[in-house]
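Ready for a few exercises with worked solutions? Take a look at the sequence and the structure, then try each task before reading on.

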Amino acid sequence: FRHSTGHGGKVGVNVMTPTAALYQFWSSFGITAYPSNRVPKDTAFPFITYEPIIANWWTGAAAASVVNVWHHTESEAVPNKKAKEISDRLQGGTTVKCDDGIIFLSQDQPWTPLVDEADSSIVRRYTVITMQFITI
């Protein structure tokens, strides 16, 4: 697996909280990212949503997290390109530095294309990833 660049120097020495590390990772794709329960009502497209599931991380158990890439476009190529960029980074798994360890991220399924029923120009790509907190 590949190691993603985190914030700061040494792993485990005030790097950043797991939730901040996830935010930084999902925001590193050139579009704004939000935890799925914190998307502002006036959010502009495109954006990413993710589920920051952290309840069982310190046990070492893995957790599934849904990730969505949202676009307002008539083109399928635009969201497909962003989904591929994310998949390329997650291929084989990647790690994100955070306080007391790393978060291992891997993609568990391919992207599913979805279109908003009320507005067909709102398209998204949906996938599930696995997150595992590993203490160091």
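## A ring cluster to start from

In this predicted model, Phe 25, Trp 26, Phe 29 and Tyr 50 are linked into a cluster by ring pairs.

**Exercise 1.** Describe the overall layout of the protein chain.

*Solution.* Start by counting elements: the protein chain has two helices and eight strands. Next, put them in order along the sequence, which gives β-α-β-β-β-α-β-β-β-β. Finally, look at burial: 41% of the 136 residues count as buried.

**Exercise 2.** Classify the aromatic pair of Trp 26 and Phe 29.

*Solution.* The structure holds seven aromatic pairs. For the rings of Trp 26 and Phe 29, the centres are 6.1 Å apart and the planes meet at 35 degrees. Planes under 30 degrees apart would be stacked and over 60 edge-to-face, so this pair is tilted. Both Trp 26 and Phe 29 are buried.

**Exercise 3.** Do the same for Tyr 34 and Phe 47, then say which strands they join.

*Solution.* Here the centres are 6.1 Å apart and the planes are at 75 degrees, making the pair edge-to-face. Now find the strands: Tyr 34 is in β2 (residues 32–35) and Phe 47 is in β3, so the pair ties together parts that are 13 residues apart in sequence. To check burial, use the cut-off of under 20% relative accessible area. Tyr 34 has 18% relative accessibility, so Tyr 34 counts as buried. Phe 47, with 7%, is buried too.

**Exercise 4.** Find the elements that build the largest nonpolar core.

*Solution.* The largest nonpolar core has 24 residues, and Trp 26, Ile 48, Ile 86, Ile 103 and Leu 105 have the most contacts inside it. At least two core residues come from each of α1 (18–26), β3 (47–50), β4 (62–72), α2 (77–90), β5 (94–98), β6 (101–107) and β8. Of these, α1 gives the most, with four residues. Now zoom in on Ile 86: leaving out residues up to four places away in sequence, Ile 86 touches Trp 26, Phe 29, Ile 48, Val 69 and Trp 111. As background, nonpolar side chains tend to be buried together in soluble globular proteins.

**Exercise 5.** Is Thr 130 buried or exposed, and what does Thr 130 contact?

*Solution.* First locate the residue: Thr 130 sits in strand β8 (residues 122–135). The relative accessibility of Thr 130 is 18%, so Thr 130 counts as buried. Then list the contacts beyond four places in sequence: Ala 62, Ala 63, Phe 104, Leu 105, Ser 106 and Asp 108.

Key
Residues are numbered from 1 along each chain as its sequence is written. This is a predicted model: local features need pLDDT of at least 70, side-chain atom pairs count only at pLDDT 80 or more; totals for chains, interfaces and linings use all residues. Side-chain values use heavy atoms; hydrogens and water are left out. Buried means under 20% relative accessible area, exposed over 50%, partly exposed in between (1.4 Å probe, protein chains only). Contact means heavy atoms within 4.5 Å. A nonpolar core is a set of buried Ala, Val, Leu, Ile, Met, Phe, Trp, Tyr and Cys residues joined through side-chain atoms within 4.5 Å. Rings of Phe, Tyr and Trp (its six-membered ring) pair if their centres lie within 6.5 Å; planes under 30 degrees apart count as stacked, over 60 as edge-to-face and the rest as tilted.
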